[in-house]
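Q: I am new to this structure and would like a close look at a single part of it. Please take me through one place where two helices meet, and then through the aromatic side chains found there or close by in the account.

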Amino acid sequence: LDYELNKINIHVMKLYKSKPLVWGFIALLLIVIMYYVSNFYQVKENFYPITIDDAEQILLGKTVYQNNCSSCHKVNLAGVTQWKIRDDKGNLPAPPLNGNGHAWHHHDEMLFKIIKYGTGSFVENYKGDMKAYKDKLSDEEIIAVIAYMKSFWPKDKYEKQIMLSYK
């Protein structure tokens, strides 16, 4: 029994002596994990401003727009003609997204949230049909749609909106 207790005591002493090394390793591991997690979120947060510089992104945006947005906002992004006048249900119709509406007055994060979460999720008492696409479109597709929309805007409106979107 004494022999077994001595073996256990030796193992405990080894563990005790290596404790600073173990805690140092754990601290280092936590620092590395925090670094990678923070970099992941930084990339996710810093996709603003969304520009029209990437032709492939705009092409993706066109496809996603045509499949998901054009039924309300029209193929040419012109929206409903009387978009400022409520319909018979009291809802505001789909506005133009081609630079003739108010979309360019919003920074990219707002446009992204409108598409992802729907306007009603953050505008109190919102009356309109803009639904959330969070379960249908990826963040990349939403960003591509915004780039596609911006490709229709006159240069002056595009440049003003880009300035709004810098974080």
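A: The helices α4 and α5 are oblique to each other, because an angle counts as oblique when it is neither under 35 degrees, nor over 145, nor from 65 to 115, and in this predicted model α4 (residues 108-117) and α5 (residues 139-150) pack at an angle of about 120°, with their axes 10 Å apart. The crossing in which α4 passes α5 is right-handed. On the side of α4, the contact is made by Asp108, Leu111, Phe112, Ile115 and Lys116, while α5 contributes Asp139, Ile142, Ile143, Val145, Ile146, Met149 and Lys150. Sorted by class, this contact of α4 with α5 holds eight nonpolar residues and four charged ones, with no polar residue.

Helix α5 also takes part in the aromatic pairs, of which a search of the whole structure finds two. In one of them, Tyr65 and Tyr148 form a tilted pair, 5.6 Å from centre to centre and with 50° between the planes. This pair links distant parts of the chain, since Tyr65 lies in helix α2 (residues 55-68) and Tyr148 lies in helix α5, 83 residues apart. Both Tyr65 and Tyr148 are buried. Tyr148 also forms an edge-to-face pair with Phe152, 5.1 Å from centre to centre and with 80° between the planes. Tyr148 counts as buried because its relative accessibility is 6%, whereas Phe152, at 34% relative accessibility, counts as partly exposed. Taken together, Tyr65, Tyr148 and Phe152 form one aromatic cluster.

Terms used. Residues numbered from 1 in each chain as written. Predicted model: local features only at pLDDT ≥ 70, side-chain atom pairs only at ≥ 80, totals over all residues. Heavy atoms only, no water. Axes fitted to C-alpha atoms, helices over the stretch in contact; angles between N-to-C directions. Helix = DSSP H or I, 4+ residues; strand = E, 2+ residues; numbered from the N terminus. Left-handed = near helix turned anticlockwise from the far one by under 90°. Contact = heavy atoms within 4.5 Å. Nonpolar A, V, L, I, M, F, W, Y, C, P; charged D, E, K, R; others polar. Phe/Tyr/Trp six-rings, centres within 6.5 Å; stacked < 30°, edge-to-face > 60°. Buried < 20%, exposed > 50% of the residue type's maximum accessible area, 1.4 Å probe, protein only.
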